Amino acid sequence: MKILSGTSNPTLATQIADYLDQPLVRVHIERFADQELYCRIDENVHGANVFVIQSTSQPANEHLMEMLILIDALKRNLARHVTAVIPYFGYARQDRKTAPGAPITAKLVSNLIAKAGADQIISLDWHKEQMQGFFDIPAYDLDVSPLFVKNIQADFNPDEIVLVSPDIGGVLRARKLADYLNCDIAILEKRRIENAPVILNLIGSVKGKTAILVDDIIDSGRTVCLAAQSLMEAGAKDVRAYITHGVFSGKALNLVEASMISQMFVTDTIAHTKASPKVHTLSIAPLVAKAMQSMATMC
Ligand code: R5P
């Protein structure tokens, strides 16, 4: 097994490599004057089973292109098997036509990765499970729920909490966690009006309980902060949030700071440069490393 990191999340890649007691493959990445990317593998990968770790986080297009070039370079240098490990899969939200004239960009990106030469994909918490069907190569969507469950169970009994989905699309995610925790769920009905989220209804009761919001992504932060406000207005004692991918665009962290959320837990699928005392990071390195280890024995 060989492990190679793109530039999107070198800290996570190093933690995964350390967990597996492997050095990272040496790569050289630079840009031409016009910003065109140049990526070169600086060691022998002939016949190797290589895992390329790269989140296609902001800047999504740059990180995506870098990963495609790295995969191409590995294949042209006769790597036997290449797995694209994409902790955060940018464009996963665009998994359906949301309006006449709209593309399905998640499908386009999945085609590009397979076309570049990847033999399989490992990722985490796609926006929707049907993403699995987009790939013409094996694709595995790792489940972060056990990480969240462990953290929640350390602080609460099941009767003290309600798992909440901030929108109808996230009900299965909330249901899965609630089943693990053996607690109730509630659902917020969210609509986007001119791309701004609006909460319309709460299905279920959060009165007197700690509401635990669960979502795949925090991007602008508006969904989860608005959801927290609705839950407090509906009588919740406190609101916590567990979110897989901390995108935190623009002023998202300021919004979280000013919100009714007392604590937020995100994973390290995306490298963070900003900090907030309310936001805590749970590492997915062991989860991903174990998945890579078991897949390495299969191919
Ligand atoms: C939406 O379907 C997703 O699950 C997230 O709720 C959404 O992407 C979060 O975006 P934002 O933080 O910008 O409201």
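**Figure 1. Elements that build the shell around the ligand in this predicted model.** Three elements each supply at least two residues of the shell: strand 9 (184–193), strand 11 (210–218) and helix 6 (222–233). Strand 11 gives the largest share, with four residues. By class, the shell holds eight charged, four polar and two nonpolar residues.

**Figure 2. The residues nearest the ligand.** The ligand has 14 residues around it. Asp215, Asp216, Asp219, Ser220 and Thr223 come nearest. The ligand itself sits in the largest pocket.

**Figure 3. Polar contacts to ligand oxygen atoms, from Arg93, Asp219 and Gly221.** Arg93 makes its contact through the side chain: a polar atom there lies 3.2 Å from an oxygen atom of the ligand. Asp219 uses its backbone, with an N or O atom 2.8 Å from a ligand oxygen. Gly221 also places a polar backbone atom 2.8 Å from an oxygen atom of the ligand. On its own, the ligand has 380 Å² of accessible area, and the protein covers 90% of this.

**Figure 4. The hairpin of strand 2 and strand 3.** Strand 2 spans residues 27–31, and strand 3 spans residues 37–41. The two strands pair in the antiparallel sense, over five bridges. Arg31 of strand 2 stands opposite Leu37 in strand 3. Five residues lie between the strands. In this hairpin, Gln35 takes a positive phi near 80°.

**Figure 5. Asp21, a residue with positive phi.** Asp21 belongs to the loop between helix 1 (10–19) and strand 2. Its phi is about 55°. The value is positive although Asp21 is not a glycine.

**Figure 6. The cis peptide bond between Gln58 and Pro59.** Omega at this bond is about -5°. Pro59 is placed in the loop between strand 4 (49–53) and helix 2 (60–76).

Technical notes: Residues are numbered from 1 along each chain as its sequence is written. This is a predicted model: local features need pLDDT of at least 70, side-chain atom pairs count only at pLDDT 80 or more; totals for chains, interfaces and linings use all residues. Side-chain values use heavy atoms; hydrogens and water are left out. Two strands pair if DSSP finds at least two bridges between them. A residue is near a molecule or strand if one of its heavy atoms lies within 4 Å of it. A polar contact is a pair of N or O atoms within 3.5 Å; within protein, one must be able to donate a hydrogen and the other to accept it, and residues adjacent in sequence count only if both atoms are side-chain atoms. Accessible areas come from the Shrake-Rupley method with a 1.4 Å probe; for residues, only the protein chains shown count as cover. On a 1 Å grid over the protein atoms alone, a cavity is a set of points where a 1.4 Å probe fits but cannot get out, and a pocket is an open set with protein on both sides within 12 Å along at least five of seven lines; lining residues have an atom within 4 Å of a point. A molecule sits in a cavity or pocket if more than half of its atoms lie within 2 Å of its grid points. Ala, Val, Leu, Ile, Met, Phe, Trp, Tyr, Cys and Pro count as nonpolar, Asp, Glu, Lys and Arg as charged, and the others, Gly among them, as polar.
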